[in-house]
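Trainee: I should like to take a close look at one part of this structure, namely its charged side chains and the way they pair. May I put a question about one of them once the structure is shown?

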Amino acid sequence: MSWFNLIKANTRKEVIELKRYLPNTIAMLVTFYCIFLGLFAGIQLIGDPGSKDLNTQFVIVNYVFWYLALIVVQDIGYQITNEATQGTLEQLYMSPLGQWKIMLSRLIALGTAHFLIVVILLLLAMLTTGQWLNIDLLTILPIFILTIVSMMGLGFIIAGMTLVLKQIGAFLQILQFILAGLVFVPLSTAPFLAFLPIVKGVDLIRATMIDGLSLADFTAFDYFSLIFNAIFYFLLGLIFFLYCERIAMKKGLLAHY
């Protein structure tokens, strides 16, 4: 029950912040919508006329996942920086559940609270372009969940780095473009990217939403690489976070900014 309450409390916190700072939430939504309009305009103006529809559908899927990746992976770093600045970071370690569970609950809360914004962005993109994608929830949801798990692993890595380094704002700005590369580059042009985080999940969801494939159409390798990515990067991120946590505690970095 304590674990459930922790997730519930953090999710409630994220939702309250989105509502309380509504102008900022709306500005964030408008910003990402404008980014999509720029991508869409580029396709219409300089794209191949014969593949405009396909390219537009490709961009729609990619950009909503880019938004979600930015939130889940990056935001936890900004949260820890704020906690350290306000002097409340060390108070989190008073919880009997452990800091890594608090971080995990925050990552889950981020994905849950911003899921509605992802849906809104997806609907706006489809309304704007007139391209209606295949929304097969039975196929999309399990792939989506496993993709989020690999994102959480990256989030743990960012959280660990922030515990030790405190300020990683410049790195997070660079990370935006790295995440864009992982999301936008198709596996057909770079198959070796299948074992990088996020990439395989986005590729399978693209195949579902654009080509109309279902779970029965994917190969055993598709499932293996997807599950491997989720487990491997989540465990890698968690181990890295715990290692950074020990360094921060050993050097007394938790109580100082």
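Is Asp222 buried or exposed, and what is its relative accessible area? Please also explain how this residue fits into the set of charged pairs.

Mentor: Please keep in mind throughout that this is a predicted model. Asp222 is buried, and its relative accessible area is 12%. The cut-off for the term is a relative accessible area under 20%, so a value of 12% qualifies.

Let us turn to the partner of this residue. The side chain of Asp222 meets that of Lys200 in a salt bridge, with 2.7 Å from N to O. Lys200 belongs to helix H8 (residues 199–211) and Asp222 to helix H9, so this pair ties together parts that stand 22 residues apart in sequence. Lys200 is buried as well, at a relative accessible area of 5%. As a general principle, side chains of opposite charge can pair when their charged atoms come close.

The structure holds four salt bridges, and two others bring us to helix H1. Lys13 and Glu17 meet through their side chains in a salt bridge of 3.4 Å, again taken from N to O. These two residues are four apart within helix H1 (residues 2–20), which means that about one helical turn separates them. Lys13 also forms a salt bridge with Glu14, where the closest N and O atoms are 3.9 Å apart. This pair still meets the criterion, because a salt bridge requires such atoms to be within 4 Å.

The surroundings of these residues may be described in the terms used above. Glu14 counts as buried, because its relative accessibility is 5%. Lys13 has a relative accessibility of 28% and so counts as partly exposed. Glu17, at 34% relative accessibility, is likewise partly exposed. Through salt bridges that share partners, Lys13, Glu14 and Glu17 are joined into one network.

A buried charge need not have such a partner, and helix H9 offers an example. Glu245 lies in this helix, which covers residues 220–250. Glu245 is buried yet has no salt bridge; Arg246, the nearest side chain of opposite charge, is 6.7 Å away. Leaving aside residues up to four places away in sequence, Glu245 touches Tyr93, Gln99 and Leu163.

Finally, these details should be placed within the whole chain. Its secondary structure consists of nine helices and zero strands. A compact globule of 257 residues would have a radius of gyration near 18 Å, and the chain, with 19 Å, agrees with this. Along the principal axes, its C-alpha trace spans about 60 × 45 × 35 Å. Of the 257 residues, 47% are buried. Among contacts between residues at least 6 apart in sequence, 81% join residues at least 24 apart. The accessible surface amounts to about 12,700 Å², and 71% of it belongs to carbon and sulfur atoms. The chain carries 14 positive and 13 negative side chains, and the centres of these two sets lie 13 Å apart.

Note on methods. Residues are numbered from 1 along each chain as its sequence is written. This is a predicted model: local features need pLDDT of at least 70, side-chain atom pairs count only at pLDDT 80 or more; totals for chains, interfaces and linings use all residues. Side-chain values use heavy atoms; hydrogens and water are left out. Buried means under 20% relative accessible area, exposed over 50%, partly exposed in between (1.4 Å probe, protein chains only). Lys and Arg count as positive and Asp and Glu as negative; His and the chain ends are not counted. Contact means heavy atoms within 4.5 Å. The radius of gyration is taken over C-alpha atoms; the globule rule is 2.2 Å times the number of residues to the power 0.38. Accessible areas come from the Shrake-Rupley method with a 1.4 Å probe; for residues, only the protein chains shown count as cover. The place of a charge is taken as NZ of Lys, CZ of Arg, CG of Asp or CD of Glu.
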